[in-house]
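Hi,

Here is the model I promised to pass on to you. Have a look at it first, and then read my notes below.

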Amino acid sequence: MSYFAAALVRAPGGWAAAEIDLNGAADVDEVADRLRDVDPDADVSLLFVESDDAYLAILRLDDGEDLRFFGSDSTFAEESRLGALLLGEVEEPALEIDEVTSEPAEATEEEPEQPAAEPDADPVGDADLLADLGIPARQLLELCTSEGMLPSDVTAEVCLMLGCGDEIEELREV
């Protein structure tokens with residue numbers, strides 16, 4: 001399985017990025033420890049884990065505590081050891097996906113209403129984990145369920161919105 005794990009930490013001086021090696025991690029607590037080690041004094045620490053161009057997991061630590069999880073698809077936890085490690089304890093769906101993928105009720109008379117496409121993804125966890133940073137659950141879920149968006153595209157878009165797009169781009173170039 002191929003994966004990319006990027007930590008983005010926000011301290012008073014701004015955002016910093018570092019790649020994290022998750023090989024050998026025994027459990028999610030060890031993953032959280034590796035995230036804390038990037039900057040123990042960070043007020044916000046995010047871990048973006050992209051796997052096999054199909055799955056995205058986001059973990060968040062606030063002030064080194066209060067670990068929160070989001071996964072773009074519950075299948076990740078079922079199909080891989082890494083997915084099970086990161087999302088295995090997450091039981092609740094992020095939101096009802098139909099709430100996100102259905103169009104608003106503002107149909108005009110001229111345009112017949114089109115049924116929303118059934119999404120292939122089944123997001124799980126806390127879709128609101130980036131809401132206080134300017135990315136509400138609905139927007140995160142829309143990114144994750146947009147046709148043609150790879151996990152790397154979602155990470156890049158989220159980081160751009162957070163103001164750390166350059167940091168993630170530089171990390172990918174290394």
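**What I found**

Val9 is buried, with a relative accessible area of 3%. You'll find Val9 in strand β1. Setting aside neighbours within four places in sequence, Val9 is in contact with Gly14, Trp15, Ala16, Val38, Asp39, Ala42, Val44 and Ser45. There is also Asp41, 32 residues from Val9 along the chain, and the C-alpha atoms of Val9 and Asp41 are separated by 9.3 Å.

Before I go on: this is a predicted model, so please read everything here in that light.

**The chain as a whole**

The secondary structure comes to seven helices and six strands. Starting at the N terminus, the elements run β-β-α-β-β-β-α-α-α-β-α-α-α. The chain has 174 residues, and 44% of them count as buried. Its accessible surface comes to about 9400 Å², with 44% of that belonging to carbon and sulfur atoms. As for contacts with a separation of 6 or more, 58% of them are between residues 24 or more positions apart.

**The sheet**

In what order do the six strands line up in the sheet? The order is β2-β1-β3-β4-β5-β6, the sheet is open, and the pairing is antiparallel. β2 and β6 (124-125) stand at the edges with a single partner strand each, so one side of each has no neighbour in the sheet.

Going through some of the pairs:

- β1 (residues 3-11) and β2 (residues 14-19) run antiparallel and are joined by six bridges. A hairpin of two residues links β1 to β2, and Ala11 stands opposite Gly14 in β2. Gly14 is also among the contacts of Val9.
- β1 and β3 pair over eight bridges, again in the antiparallel sense. Here Ala6 stands opposite Phe48 in β3.
- β3 and β4 pair in the antiparallel sense too, over eight bridges. Ser45 has Leu61 in β4 as its bridge partner, and Leu46 has Arg60 in β4. The two strands form a hairpin with three residues between them, and Asp52 in the turn has a positive phi of about 50°.

β3 deserves a moment of your time. How many of the residues in β3 (residues 44-51) are buried? Eight of its eight residues are, so the strand is mostly covered. Val44, Leu46, Phe48 and Glu50 point one way from β3, while Ser45, Leu47, Val49 and Ser51 point the other way, and all are buried. Note that Glu50 is in the first of those sets, and Ser45 and Ser51 are in the second. Two β3 residues, Val44 and Ser45, are also among the contacts of Val9.

**Asp62**

Next, have a look at Asp62, which is found in strand β4 (residues 55-62). Is Asp62 buried or exposed? With a relative accessible area of 18%, Asp62 is buried, because the cut-off for that is under 20%. The side chain of Asp62 makes a polar contact with the side chain of Arg60, at 2.8 Å. Arg60 is also the bridge partner of Leu46. Not counting residues up to four places away in sequence, Asp62 touches Asp43, Val44 and Arg68. Val44 therefore turns up again here, buried in β3 and touching Asp62.

**Helix α5**

In helix α5 (residues 137-145), the buried residues include Ala137, Leu140, Leu141, Leu143 and Cys144. They cover an arc of only 155° around the axis, which puts them on the same side of α5. Cys144 has 13% relative accessibility, and so counts as buried.

**Cysteines**

How many disulfides does the model have? The count comes to zero. Cys164 is in no disulfide: the nearest cysteine sulfur is that of Cys159, 4.1 Å away, whereas a disulfide needs the two sulfur atoms within 2.5 Å. Cys164 is also buried, with a relative accessible area of 0%.

If you open the model, I'd suggest β3 as the place to start.

Cheers

Conventions. Residues numbered from 1 in each chain as written. Predicted model: local features only at pLDDT ≥ 70, side-chain atom pairs only at ≥ 80, totals over all residues. Heavy atoms only, no water. Buried < 20%, exposed > 50% of the residue type's maximum accessible area, 1.4 Å probe, protein only. Helix = DSSP H or I, 4+ residues; strand = E, 2+ residues; numbered from the N terminus. Arc of directions from axis to C-beta. Pairing = 2+ DSSP bridges. Polar contact = N/O pair within 3.5 Å; in protein donor to acceptor, adjacent residues only side chain to side chain. Contact = heavy atoms within 4.5 Å. Areas by Shrake-Rupley, 256 points an atom, 1.4 Å probe, with all protein chains shown as cover.
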